[in-house]
Structure formats: C-alpha cells, structure tokens
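This report describes one protein chain for a reader who has not seen it before. Please look over the sequence and the model first.

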Amino acid sequence: MTTTQSTTAPEESPRLQWAKFAPEVYKAMVKLDAAARRGVDPVLLELVKIRTSQLNHCAFCLDMHTKDAFAAGESVERIVQLSAWEESRHFYTEKELAALALTEAVTVLTDGFVPDEVFEVAARHFDETELSQLLASITVMNAWNRFGVTCRLVPGHYTAGQYK
C-alpha cells in the first residue's frame, strides 16, 4: 500500500517591494483609492475589486478583497460564483450586474472600447456621481492589480481590514 504525501509549492518572495522604494507613489495610491471609493456601496465595491483581480490574475488582491468581503458579511456562494457571474446572474442584483459588466469592459480594454450598451446599462443604475466614483474605483483597482502582479506580491498573509 502506497501513501500519498501532499506537498505544497514553496512560497516565493515578492519580486519587488515597490511601496518601500516608491513611498510617495504608494501614499498617493492610497489617497486616490480612498477618494475613488467615496459614495460607492462597500459590498458592491468588494465584488468589483474581486472581479477585477480575477480578470487580472492578481492573487494578492484576490486574497485581500475576498477576506474583506467575507468580513463585511458577503456570502461564500456569491464570491464563488463571481468568476461566472454572467451564468449566475440570479445571485446578484441588477445594479451589481451592471457594475460587474462595466468592470469587465473597463478592465479588459484589449477587447476594444467600453461598449455603449454596457455604459448605458450602468448609467441607468447609477447617477452621474455614483458612476464616476464607480469608474474611478475600477480604474484604481486595475492600477493596484498591476503593481501586485508585476511585483509578484504574495497572497495569504492579509487579515481582513488590515489596510483600512
């Protein structure tokens, strides 16, 4: 009889601790992030941040925002289904669906421009100020993801609310 050992890959170190070497940029990002989230529903914002991070393959940000969403009372089911939200629409409100569609269109610009239809649906669910704040939040999250992915920030060490 053979026993199977379960092993995990060794944890890698970050490629670059960018915040340490560019502290003014980091502080500016934190301020921009705080300004962008004003007036955006915090539950919706976590869904947007998780979906953005899924699309950008940012494990560090996925770890962070999944934990923050759970701490805010989000369900496991809605977070698990988020990667397939278009096939799991019944888990989300129409407003959340509009935000997720806008998140995908803004994040995956290599597929072309943000379609008018996606923008118009979002504009029906958010007033101009809310839509501007949501767009800013999506854009800032994409910037955070690019730092995380490029610098290979290591997931698994974040505690919910750690950076708030």
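In this predicted model, E104 and R51 form a salt bridge, with their closest N and O atoms 2.7 Å apart. The two residues come from distant parts of the chain: E104 sits in helix α6 (residues 94-107) and R51 in helix α3, 53 residues apart. Both E104 and R51 are buried.

A second pair is made by R78 and E96, whose closest N and O atoms are 2.8 Å apart. This salt bridge also links distant parts of the chain, since R78 belongs to helix α5 and E96 to helix α6, 18 residues apart. R78 has a relative accessible area of 13%, so it is buried. E96 is buried as well, because its relative accessible area is 9%.

The side chains of K95 and E130 meet in another salt bridge, at 3.9 Å from N to O. K95 lies in helix α6 and E130 in helix α8 (residues 128-150), so this pair ties together parts that are 35 residues apart in sequence. K95 is partly exposed, with a relative accessible area of 33%, and E130 counts as partly exposed at 26%. Elsewhere, D33, R37 and K49 are joined into one network by salt bridges that share partners. The count of salt bridges comes to eight.

The table lists three of these pairs.

| Salt bridge | N to O distance |
|---|---|
| E104 and R51 | 2.7 Å |
| R78 and E96 | 2.8 Å |
| K95 and E130 | 3.9 Å |

The chain as a whole comes next. Its secondary structure comes to eight helices and zero strands. The C-alpha trace spans about 60 × 50 × 35 Å along its principal axes. Of the 164 residues in the chain, 37% are buried.

How do two of these helices lie against each other? The axes of helix α3 (residues 42-56) and helix α4 (residues 59-71) come within 9 Å and cross at roughly 155°. Angles over 145 degrees count as roughly antiparallel, and α3 and α4 are therefore roughly antiparallel to each other. The crossing of α3 past α4 is left-handed.

On the surface, F70, V76 and V80 form a nonpolar patch with about 270 Å² of accessible area together. V80 is placed in helix α5 (residues 76-81). With a relative accessible area of 53%, V80 is exposed, whereas R78, in the same helix, is buried.

Definitions and conventions:
Residues are numbered from 1 along each chain as its sequence is written. This is a predicted model: local features need pLDDT of at least 70, side-chain atom pairs count only at pLDDT 80 or more; totals for chains, interfaces and linings use all residues. Side-chain values use heavy atoms; hydrogens and water are left out. Patches are made of residues with over 30% relative accessible area and no salt bridge: like charges are joined within 9 Å, nonpolar side chains (Val, Leu, Ile, Met, Phe, Trp, Tyr) within 5 Å. Accessible areas come from the Shrake-Rupley method with a 1.4 Å probe; for residues, only the protein chains shown count as cover. A salt bridge is a side-chain nitrogen of Lys or Arg within 4 Å of a carboxyl oxygen of Asp or Glu. Helices (H or I, at least four residues) and strands (E, at least two) are DSSP runs, numbered from the N terminus. Buried means under 20% relative accessible area, exposed over 50%, partly exposed in between (1.4 Å probe, protein chains only). Axes are lines fitted to C-alpha atoms, for helices over the stretch in contact, and angles run from 0 to 180 degrees between N-to-C directions. Angles under 35 degrees count as roughly parallel, over 145 as roughly antiparallel, 65 to 115 as roughly perpendicular and the rest as oblique. A crossing is left-handed if the near helix is turned anticlockwise from the far one by less than a right angle, and right-handed if clockwise.
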